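Trainee: I would like to go through this model with a few questions. Please show it before we start.

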Amino acid sequence: GGLLFIYVASLVGKIKITTILARLGGEMGGLFSAKKFDKMFDNQVRFGLWCIVASCWTQLMKYLEKMVSVNVRTIIYENLHQRYFESKAKTMYRTRLDDTAVRFCLDCEHFGDELAHTFGHVLKPCIDILYLTLDLTRHIGAYPLMGFFGFFYLSKAALTAVRRGLPNSLGWYVAEEQRLEALL
């Protein structure tokens with residue numbers, strides 16, 4: 001549980017570092033357009049240092065993901081070992097396998113890796129949305145942010161209406177384009 005908490009904290013830290021890098025990039029663009037090159041170069045140094053931190057943080061996240069995977073694998077191994085190796089155990093093929101130990105270890109490894117990877121990829125966008133919403137609310141206020149989200153909602157509704165108005169699906173157009181390219 002503690003390792004999982006640290007992994008989740010690393011996901012939160014990654015979005016914080018990403019917002020810092022975005023702000024520094026925006027400030028550098030503003031300083032460049034204002035021709036304040038001395039301050040822009042100072043920001044480039046800060047940006048470069050934060051890039052190093054971001055790179056190390058990404059490696060830490062990957063390490064923690066692997067550690068969570070190993071812990072999941074250990075838990076699965078301890079809980080399912082008896083089922084795989086008891087003398088009356090049958091596999092999905094209804095016969096005893098000669099390589100049960102290898103299959104069991106590989107099953108645990110694949111499941112642990114997939115679970116940790118999927119967990120991070122499902123949780124990270126949720127953290128991103130929550131953190132960025134709170135950060136933007138703090139910087140621009142709740143009402144402008146609602147207008148910002150409203151714009152995306154209306155854009156989605158408009159694009160959906162345009163898609164419904166097309167005589168064929170977008171997939172059909174892609175297939176037709178490929179067919180015509182092949183014909184050409």
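Mentor: Contact here means heavy atoms within 4.5 Å. Keep in mind that the model is predicted.

Trainee: How many helices and strands are there in the protein chain?

Mentor: Read along the sequence, the chain follows the pattern α-α-α-α-α. The count for the protein chain is therefore 0 strands and 5 helices.

Trainee: Is Ile15 buried or exposed?

Mentor: Ile15 lies in helix H1. Its relative accessibility is 5%, and the limit for buried is under 20%. Ile15 therefore counts as buried.

Trainee: Which residues is Ile15 in contact with, leaving aside its neighbours within four places in sequence?

Mentor: Sequence distance is a poor guide to what lies around this residue. Ile15 and Lys124, for instance, are 109 residues apart in sequence and 8.6 Å apart in space, C-alpha to C-alpha. With neighbours within four places left out, the contacts of Ile15 are Ile127, Asp128, Tyr131 and Leu132.

Trainee: Which elements give two or more residues to the largest nonpolar core?

Mentor: The largest nonpolar core has 13 residues, and Tyr7, Leu11 and Val68 have the most contacts inside it. The elements giving two or more residues to this core are helix H1 (2-33), helix H2 (37-85) and helix H3 (100-140).

Trainee: What share of the contacts between residues at least 6 apart in sequence join residues at least 24 apart?

Mentor: Tyr7 serves as an example: not counting residues up to four places away, Tyr7 touches Met61, Leu64, Glu65, Val68, Ala116, Phe119 and Gly120. For the protein chain, the share joining residues at least 24 apart, among contacts at least 6 apart in sequence, is 67%.

Notes: Residues are numbered from 1 along each chain as its sequence is written. This is a predicted model: local features need pLDDT of at least 70, side-chain atom pairs count only at pLDDT 80 or more; totals for chains, interfaces and linings use all residues. Side-chain values use heavy atoms; hydrogens and water are left out. A nonpolar core is a set of buried Ala, Val, Leu, Ile, Met, Phe, Trp, Tyr and Cys residues joined through side-chain atoms within 4.5 Å. Buried means under 20% relative accessible area, exposed over 50%, partly exposed in between (1.4 Å probe, protein chains only). Helices (H or I, at least four residues) and strands (E, at least two) are DSSP runs, numbered from the N terminus.
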